[in-house]
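User: I have a chain here and would like to go through its fold piece by piece. Please keep the answers short and show the reasoning.

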Amino acid sequence: MVMVVVVVVRKMMVMVMVKVMICGDLLCGSTFFSLAYGDAQTGPLAVNSEAEDVAAALNDLWSLKPDSVQVSKEVHSQGAHFTVTFVSERGDFEDLRGTSMSGDTTVSVTEVTEGRGSMDTFTLQWGKVPSRPITFNATAEEVKSALDDMFVAECPGEIQTMEGSNVFYYRDFEYSQFEYIGDERGTAVNDTEAFCGSWSLRNPEVLFMNDYRKESGGRYGRAPLQVYPTSNQLGMLTNVIGVRYKFRDGDGASVETTTQITFTTISQGHTWSYTCVDLLSPLQTASVGSGYELLHLYLYKAESQQDFYVDAVHLGKRPTTSNIPAVLQKRRPPAFAASGRSFRATAVTRVEAGDDGAVVRYEVTATPRDCAHGFPLLDVAFLPVLSCLSLNIAAEDLRYALESIPGMGQVQVREDGDCQRRKWMIKWLTRPGDQPMIQVNDTKVIGNNPVVEVKERTKGGLFLRNLGGDVLRTLETEPQVEVFINGIPSRCSGDCGFEWSEDQTPVVTGISPYQGSDGLGTLVTITGFGFASGNASVMIGDAKCEIQEVTVWVTFPSLGLAWYQADVPNFTYQLIVSSFSPLSGSVAGGTLLTVTGYGFCSRATVSVGGEECRAVDVRQNEFTCRTPAVRTTMRNVVATI
């Protein structure tokens, strides 16, 4: 599936101002509220917070960056007013949302001034994640770079990424992924959401070793143990970290040993957690001495069948933060992270520009990963809400106003009529199907009995053609059982996967004896493993063998045919003739000859004097035939299978 989106930018500043009203006991510092913008929310704020505290909390929200806010505060008898001004030229911001954490406190938000952008830049938004401001008339490469940044996770500022005096070791796997190819150090992957950037490390058993190499080429060596390892985890990881270290004991001897440290800040699941561990204190308790140096760090899976991921590994002298929840709140997730969908590649082409440079068009092609679908349309953010339009509005301006409505798509507007009867013809270009009637608010239209009406000229429709069966196939990792009825494939409503398994296959290792006969009551013993006591079926040639005893158990009907460990064993039926009658007959032939014995079958033949005796009736212990004509009176009777 490839998505193609056309972004139109038209160059055309008023800052947004909102008022947050807190009603509650301002003397109570234990009552809290929070503010949210987009998908990011502040931590708890005391109702008696100062304006600087509220501003700092809002400016930490990833959904507001790179813009900022200014906050002023007014106190009144029932609470406080915080006036929040968005310092930005991008345009109209969404309203803040307030949440009270106490039943006797209310939070209300009112927009005072609607923002209007300078249109020197524009902002794209996809999956509730905004791009950085993009310069008007930007190149296709600049637009693509801004789009690509929306699909990577943005690290909080607390995570220090530069190695130096305070940071002994740091890895985010963005530029070192080729070092991690599936050994004990794990596998670098970019097909799942990373904590920072696009790459994370899957299932590492070893998190750090002293002989790891730096980017400069030298080895890290032993780390002096005043370091705090911090990292981000996702998946089924135990809350135990293994440490191999060296120290000097009380006698001054050098000791190298391994221990495990248990910590409580990790959380197992499908969301990222942030962990910071003090290594030195537990090691001082476990081994009394001095000069502690870190050699290796180990991680352990909680469940062998479940994956876990690690990202942004940091060994430093001091903890990166004392407020881990705040670090998680400041991290900006990639677009569509909550749905598990992402794009494998994007491409941007600048396809058209107006003669006067006032209109720029970009065509965006996005290729989803793993056949993902159901993506919403790419939006242009910070556009003002469509309000009053002039009756003299030009067709081109009306087109841009209509296309700013979310979900409207591209339209064509043609102006008609005269100054006494204005008329605009609107045609949808990119949104297929029947469209709802446009609603017009004419309360502000003045004149001599003015009439505003909307009529539908042509009802829209959507032509659907039959889809081929392959279009409806889904990606599966196992072979699927398919049922066709009159050549039409059925739908699978559950798990239709099938797997061939050697563990589920009965195996025959031999038989004993290799010859016998029903008449002798020969008991054939089949040895092997994976057999079952119920509903087993054994065939010797075309004959079914009655099961007397099975010594190793498995259900044959559910498992299918047995596998032979060596060559398929051969069993020889023994043919025994005990008598025949009559002992004499006509030389002209036609005498009914009955041969009795064991081991007869439909392929058995009887000859008299070398001439075939034509079979009349064949049973397992009796063969009846008509004798042929012969010239002499003494002939041998021979039976063969």
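**Contacts, strands and cores**

Leaving aside neighbours within four places in sequence, Gly38 is in contact with Ser63, Glu94 and Arg97. The model discussed here is a predicted one.

User: Where is the place of Gly38, and what phi does Gly38 take in the hairpin?

Analyst: Gly38 lies in the loop between β3 (32-37) and β4 (40-41). These two strands pair in the antiparallel sense over two bridges, and Ala36 has Gln41 in β4 as its bridge partner. The hairpin has two residues between the strands, and in it Gly38 takes a positive phi near 65°.

User: What separates the C-alpha atoms of Gly38 and Ser63?

Analyst: Ser63 is among the contacts of Gly38. The two residues are 25 residues apart along the chain, yet their C-alpha atoms are separated by 6.1 Å.

User: Which strand does β3 join over four bridges?

Analyst: β3 pairs antiparallel with β5 (residues 45-46) over two bridges, where Phe33 stands opposite Leu45. In another pairing, Ser34 of the chain stands opposite Thr99 in β8. Four bridges make up that antiparallel pairing, and the partner is strand β8 (residues 97-100).

User: How many of the six residues of β3 are buried?

Analyst: Buried means under 20% relative accessible area. β3 is largely enclosed by the rest of the structure, because the residues of β3 that are buried number five of the six.

User: Which residues touch the most other members of the largest nonpolar core?

Analyst: In soluble globular proteins, nonpolar side chains tend to be buried together. The largest nonpolar core here has 49 residues, and those touching the most other members are Leu58, Leu64, Val71, Trp126, Val143 and Leu147.

User: Which residues does Leu147 touch, not counting residues up to four places away in sequence?

Analyst: Leu147 is one of the core residues that touch the most other members. Under that count, Leu147 touches Leu124, Trp126, Val348, Val364 and Leu378.

User: Which strands stand at the edges of the open sheet with β11?

Analyst: Three strands form this open sheet in the order β12-β11-β28, with antiparallel pairing. Each edge strand has a single partner strand, so one side of each is left without a neighbour in the sheet; the edge strands are β12 (129-130) and β28 (379-380).

User: What angle does the direction of α2 make with that of β11?

Analyst: β11 and β12 pair in the antiparallel sense over two bridges, with Val129 in β12 as the bridge partner of Trp126. α2 packs on the sheet and touches both β11 and β12; its direction makes an angle with that of β11 of about 35°.

User: Why is the pair of Trp126 and Phe151 given its class, and what is that class?

Analyst: Planes over 60 degrees apart count as edge-to-face. The ring centres of Trp126 and Phe151 are 5.9 Å apart and their planes are at 70°, so the pair is edge-to-face.

User: Are Trp126 and Phe151 buried or exposed?

Analyst: The cut-off for buried is under 20% relative accessible area. Trp126 has 1% relative accessibility and counts as buried. Phe151, with a relative accessible area of 17%, is also buried.

User: Which ring does the charged end of Arg341 sit over?

Analyst: Trp126, Phe151, Phe336, Phe343 and Phe375 form one aromatic cluster. The charged end of Arg341 sits 4.8 Å from the centre of a ring, that of Phe375.

Notes:
Residues are numbered from 1 along each chain as its sequence is written. This is a predicted model: local features need pLDDT of at least 70, side-chain atom pairs count only at pLDDT 80 or more; totals for chains, interfaces and linings use all residues. Side-chain values use heavy atoms; hydrogens and water are left out. Contact means heavy atoms within 4.5 Å. A nonpolar core is a set of buried Ala, Val, Leu, Ile, Met, Phe, Trp, Tyr and Cys residues joined through side-chain atoms within 4.5 Å. Buried means under 20% relative accessible area, exposed over 50%, partly exposed in between (1.4 Å probe, protein chains only). Two strands pair if DSSP finds at least two bridges between them. Axes are lines fitted to C-alpha atoms, for helices over the stretch in contact, and angles run from 0 to 180 degrees between N-to-C directions. Rings of Phe, Tyr and Trp (its six-membered ring) pair if their centres lie within 6.5 Å; planes under 30 degrees apart count as stacked, over 60 as edge-to-face and the rest as tilted. A charge sits over a ring if NZ of Lys or CZ of Arg is within 6 Å of the ring centre and within 35 degrees of the ring normal.
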